Amino acid sequence: MFKNKVTELLDTALIERPDLFLIDFTINSENHIKVIIDGDHGVLVEDCMFISRAIEHNLDREEEDFSLEVMSAGAASPLTHKRQYKKNLERTLKVRTASEKIEGKLTKATEDNITLEWKVREPKPVGKGKVTVNKEADVPYENIVEAKVMIKF
């Protein structure tokens, strides 16, 4: 019953703010509510406060004792939602599939797959030395085991 009420409040808040989307939501046996959100344009502290207030201000602590934690998906967190890929276009990703690891620039994110581009040095077809070659890979979402944004300083 409590989880249904919290889920309903969370869904209502996310409908009110369509730029935000849910990454993870849990309630443990001690009624600790943990909400992880992301946004099409990032997440500000105010966005977390909005979600927190939408939940907390509509629950009665006299009826249920609970704790609430609302946070944004961390910069080093793996991408789990298709919308996260779209917001990270032109950034470098490290993608792991069952058969390979690819690090490249995310150039396209469709409903079915992502496209990564990168450069490699390969031996020249004729003669000595190496030449830089542009590579591209289309990776279906269902093949992605883990994808992370590579943070450059």
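Me: What does Lys105 form a salt bridge with?
Reply: Glu90, in this predicted model. The closest N and O atoms are 3.3 Å apart.

Me: Where do Lys105 and Glu90 lie?
Reply: Lys105 is in strand β5 (residues 101–109), and Glu90 is in the loop between α3 (82–87) and β4 (92–97). They're 15 residues apart in sequence, so the pair ties those parts together.

Me: Is Glu90 buried or exposed?
Reply: Partly exposed, at 49% relative accessibility. Lys105 is partly exposed too, at 35%.

Me: How many salt bridges are there in the whole structure?
Reply: A search finds 9. One of them joins Glu122 and Lys135, at 3.0 Å from N to O. Glu122 sits in strand β6 (residues 113–123) and Lys135 in strand β7 (residues 130–140), so this pair links parts 13 residues apart in sequence.

Me: And which residues are joined into one network by salt bridges that share partners?
Reply: Arg17, Asp19 and Asp47.

Me: Switching to rings, how many aromatic pairs are there?
Reply: There are 2. In one of them, Phe2 and Phe66 have ring centres 6.1 Å apart and planes at 40°, so that pair is tilted. Phe2 is in helix α1 (residues 2–16) and Phe66 in the loop between α2 (45–56) and β3 (67–72), so the pair ties together parts 64 residues apart in sequence.

Me: Is Phe66 buried or exposed?
Reply: Buried, with a relative accessible area of 6%. Phe2 counts as buried as well, at 13%.

Me: What lies over the face of Phe66?
Reply: Arg61, at 4.0 Å from the ring centre. Arg17 lies over the face of Phe50, at 5.6 Å from the ring centre.

Note on methods:
Residues numbered from 1 in each chain as written. Predicted model: local features only at pLDDT ≥ 70, side-chain atom pairs only at ≥ 80, totals over all residues. Heavy atoms only, no water. Phe/Tyr/Trp six-rings, centres within 6.5 Å; stacked < 30°, edge-to-face > 60°. Helix = DSSP H or I, 4+ residues; strand = E, 2+ residues; numbered from the N terminus. Buried < 20%, exposed > 50% of the residue type's maximum accessible area, 1.4 Å probe, protein only. Lys NZ or Arg CZ within 6 Å of the ring centre and 35° of its normal. Salt bridge = Lys/Arg side-chain N within 4 Å of Asp/Glu carboxyl O.
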